[in-house]
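Q: Could you take me on a close look at one part of this protein, the open sheet and what is packed or bridged around it? I'd love a connected walk-through that I can follow with the model on my screen.

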Amino acid sequence: FSFETLHEPQYTRTPQHTKGAVSLENVHPFQREMWGIQWTFAHNGEVPKFSPKNPQESCETTEFPTLGPCSDAIYHPIGDTDSEAVFCAMLNALRAEFTTLPTLPVLYEAIQKLSCEIVKGHERETIFNFLLGCGQFNMFAFSWPGSREGSKVWNGLHYLVRYPPFTRAKLKDVDYAVDFNETNDENDRVAVIATKPLTHGENWKEMERGQLLMFDKGLPYSRPYECADIERCGRGLSSRAIPRTEICPYQYQSNIPRLLKQSVCTALGKEEDCPGIWAERAVDLGCGSGLSGAQFRHRVGNLTGVDLNPEMAKEARDRGCYDRIVVGDAECILHKEGDAGTTEYDFVFACDLFAYIGDLRPMFRTVRKSLESRGGTFAFSAEIWKEEDGDTEFVLQSCARFAHTRRYIRSLVEEFGFETLSLSESAILRKHDGKDIVGALTVLSLPPSLRHVIMI
């Protein structure tokens, strides 16, 4: 399937069913009403947990598992696809959990949890790529990619965000091109989600395994505090059937930028309020809306911010704390020359970025290369997985965020020649399901030839 999100309307096209007979009731997308809101679901893949053990078994005689707190199913599949069965189970779980309309960050975390519950126990066999639309504004996309047994075809999700200035794109499968300058204006943002890249010469990005994105106005969001910002703009769920929950003004403020700054101050022996420049050239990886940049602005000479989300990058630019904003992958700013003509920095930091990256080795390698010449500092936050069994390096948690083991981080420190200046593993980075999530704040230094690197 593929999906397009325009400036306001949202459209689904080219649906296809997964397991199930060829019949009208099995055609995607599936729709149900809940809380006075229309919910729409399209899925690509196979979900063993919701597939009949006997292929001849009908939906009427199959007992599907329940999810979350659900004990009494209200929604039932009409056809016989695993896709519709999963959709109904998710709605039943959400209906059982909430008696008032959840805010977007709460809904985001609930869908994350349900998606991981669906995959759990069948991680290798499951292919679970879905689009879930709820109401007028919001669309969620989740990917658990894979290949069917005996097949070399990879089933995942790729997405592309088009924004001004629009360009000309040529389709891969047919000889046809579209000039999007003729079909869109400066107010449009277009998100296209497909199982494979559809066009040549555009920046398609494959979703990570276990990644959940919320799309609004054609732009992807993956952090609860970003979802909270959209809620505050009046683009959350809306219903006349049940009351809505008001979002707490301070509930989804990120602690990490403030904690990051405190840790760097301690590691460098600086007073937090003491004036002075720590670094000449700094880069904020995954800068988001610029909260982290605001913390360090008065401590660096030149500050660059980089983020995949153009809307977040715009907010960061509007905040006025960056000398330069780059829309792109976190590693791209360290690999290629930018406007300043160099990829050399003496301070690199990333707030809440590594929760979305499993293998940190490429990032460590790239950051080290960017710091080698000038020498400097690297700061980042990391959620820690405490159950260090076997050769585990990182795990995807039920909230669809990565946690890394202490042993893995220490091995990267040693592999790339870093030395630890300080280490704290008791910082409260965020809350999940009402519980404090504790993470690591680590400060590293390179030897004299390589100079300083800080991990937080």
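A: Happy to: we start at the sheet, move to the helices and then follow the salt bridges. Please keep in mind that this is a predicted model.

The open sheet has 6 strands, in the order E3-E4-E5-E6-E13-E14, and their pairing is antiparallel. Its edge strands are E3 and E14, each of which pairs on one side only. From one strand to the next, the twist averages 25°. As a general reminder, the strands of a sheet pair through backbone hydrogen bonds, in either a parallel or an antiparallel way.

For a look at one pairing, go to strand E4 (residues 37-46) and strand E5 (residues 127-134): they run antiparallel and are joined by 8 bridges. A handy place to put your cursor is asparagine 44, which stands opposite asparagine 129 in E5.

Now add a helix. H1 lies across E3, E4 and E5, and it runs at about 135° to E4. There is also a side-chain link to the edge strand: arginine 32 and glutamate 84 meet in a salt bridge, at 2.7 Å from N to O. This pair links distant parts of the chain, with arginine 32 in strand E3 (residues 30-34) and glutamate 84 in helix H1 (residues 82-97), 52 residues apart. Are these two charged partners buried or exposed? Arginine 32 has 13% relative accessibility, so it counts as buried. Glutamate 84 counts as buried too, because its relative accessibility is 1%. The cut-off behind both calls is under 20% relative accessible area.

At the other end of the strand order, the neighbour to look for is helix H3. Of the 9 residues in this helix (residues 224-232), 7 are buried, so H3 is largely enclosed by the rest of the structure. The buried ones are Pro224, Tyr225, Glu226, Cys227, Ala228, Ile230 and Glu231. What do they pack against? Their partners are two strands, E13 (211-216) and E14 (219-221), together with helix H2 (104-119) and helix H6 (310-319). Just after H3, glycine 234 takes a positive phi of about 85°.

Let's widen the view to the other salt bridges. The whole structure holds 14 of them. In one, aspartate 352 pairs with arginine 401, and their closest N and O atoms are 2.5 Å apart. Here the link is between two loops: aspartate 352 sits between strand E18 (347-350) and helix H8 (361-372), while arginine 401 sits between strand E20 (394-396) and strand E21 (402-404), 49 residues apart. Aspartate 352 is buried, with a relative accessible area of 8%, and arginine 401 is buried at 3%.

Another bridge joins glutamate 415 and arginine 361, with the closest N and O atoms 3.1 Å apart. Glutamate 415 belongs to helix H9 (residues 406-415) and arginine 361 to helix H8, so to speak two distant parts of the chain, 54 residues apart. Glutamate 415 counts as partly exposed at 42% relative accessibility, and arginine 361 counts as partly exposed at 22%. Finally, Asp352, Glu383 and Arg401 are joined into one network by salt bridges that share partners.

Technical notes
Residues numbered from 1 in each chain as written. Predicted model: local features only at pLDDT ≥ 70, side-chain atom pairs only at ≥ 80, totals over all residues. Heavy atoms only, no water. Buried < 20%, exposed > 50% of the residue type's maximum accessible area, 1.4 Å probe, protein only. Helix = DSSP H or I, 4+ residues; strand = E, 2+ residues; numbered from the N terminus. Contact = heavy atoms within 4.5 Å. Salt bridge = Lys/Arg side-chain N within 4 Å of Asp/Glu carboxyl O. Pairing = 2+ DSSP bridges. Axes fitted to C-alpha atoms, helices over the stretch in contact; angles between N-to-C directions.
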